[in-house]
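Let's walk through a protein model together, one question at a time. Keep the picture open while you read.

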Amino acid sequence: MVMERLARGVFGTGSVDVINILEECLEQLALRVEKHSSRRLLQKLNAFEEEVDIVSDVLLQQIKVLSEFRDCLDPVKFKRPTTARKMRYEFEKQGIERILVHINEQLRHCKELRERAKVLAVQNVQLVETFADDNSRALFVFTFITVLFLPLSFVAGFFGMNLDGIADTESRVTLFWYTALPLTAGILIMCILFIARGESIWFAVADLLESSLSRCKRKKRSA
């Protein structure tokens, strides 16, 4: 009865093919990585690897149980094996070995699925980093444009205020450019210096503040 149930579950019709289900899930994940890569998708890939590991553990347990069952059916383990026992063992051994071969193939498929999932995870991370670089570049462009037009907006608003001596002035539009361009250039130079050597500037300012504070303390003590 046990041999019939094992053979029916492995070779019979209507059985659930877990490996096929996992392959379909991995194909769907591969399509999503190609079209919609994201960090959340990496969690699904990790969950898929965990499911494959669970299936592999179950298959290894099946191999262990079948191997022990085959050893129990061996006539050598009996004190007085009958002739029928010896004849049946050859057929039972062949059936169990067929099942073990099938389970080993499933284990090999699980290993391949796990490796493919790892490759997809690496590919997903690379695509996410690429998109992040593109987004950072776009943010840098927007920030640069904002920094560029901020002094111009300030100067335009300053000269547009309704104050005495500004509205009825005899100066032309060139006064705006004479004021706005140097201010914009100065702010851009400060931003570039801060980006290039912001850390060194920060430490230099901190050292300057510490030295000034120490001098003030010395003067107070001397006084």
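**Patch, core and charge pairs**

I195 is exposed, because its relative accessibility is 65% and the cut-off for exposed is over 50%. Keep in mind that this is a predicted model.

Q: Which helix holds I195?
A: I195 is one of the residues that make a nonpolar surface patch of about 860 Å². For its place in the fold, look along residues 174-222, which form helix 5. So the exposed I195 is found in helix 5.

Q: Which helix gives the largest share of the nonpolar patch?
A: The patch includes L139, F140, V141 and F142, and also F144, I145 and F149. Now check residues 83-160, the stretch that makes up helix 4. Seven patch residues come from there, the largest share, and the name to write down is helix 4.

Q: Which residues touch the most other members of the largest nonpolar core?
A: Nonpolar side chains tend to be buried together in soluble globular proteins. Here, the largest nonpolar core has 25 residues. The two that touch the most other members are F48 and L113.

Q: How many residues of this core come from helix 4?
A: Helix 2 (18-35), helix 3 (39-73) and helix 4 each chip in at least two residues. Helix 4 gives the largest share of the core, and the number is eleven.

Q: Which residues is F48 in contact with, leaving aside its neighbours within four places in sequence?
A: F48 is a good one to click on, since F48 and L113 touch the most other core members. Skip the neighbours within four places in sequence, and F48 is in contact with L22, C25, L26, L29, L113 and A117.

Q: How many residues apart in sequence are the parts that R114 and D53 tie together?
A: Side chains of opposite charge can pair when their charged atoms come close. The side chains of R114 and D53 meet in a salt bridge, 2.7 Å from N to O. R114 lies in helix 4 and D53 in helix 3, so the pair ties together parts whose separation in sequence is 61 residues.

Q: Is D53 buried, partly exposed or exposed?
A: Buried would need under 20% relative accessible area, and exposed would need over 50%. D53 has 32%, so the label is partly exposed.

Q: What is the distance between the closest N and O atoms of R108 and E112?
A: The structure holds two salt bridges, and R108 with E112 forms one of them. Both residues lie in helix 4, four residues apart, about one turn of the helix. R108 is partly exposed at 45% relative accessibility, and E112 is partly exposed at 37%. Their closest N and O atoms are apart by 3.2 Å.

Terms used
Residues are numbered from 1 along each chain as its sequence is written. This is a predicted model: local features need pLDDT of at least 70, side-chain atom pairs count only at pLDDT 80 or more; totals for chains, interfaces and linings use all residues. Side-chain values use heavy atoms; hydrogens and water are left out. Patches are made of residues with over 30% relative accessible area and no salt bridge: like charges are joined within 9 Å, nonpolar side chains (Val, Leu, Ile, Met, Phe, Trp, Tyr) within 5 Å. Accessible areas come from the Shrake-Rupley method with a 1.4 Å probe; for residues, only the protein chains shown count as cover. A salt bridge is a side-chain nitrogen of Lys or Arg within 4 Å of a carboxyl oxygen of Asp or Glu. Buried means under 20% relative accessible area, exposed over 50%, partly exposed in between (1.4 Å probe, protein chains only). A nonpolar core is a set of buried Ala, Val, Leu, Ile, Met, Phe, Trp, Tyr and Cys residues joined through side-chain atoms within 4.5 Å. Contact means heavy atoms within 4.5 Å.
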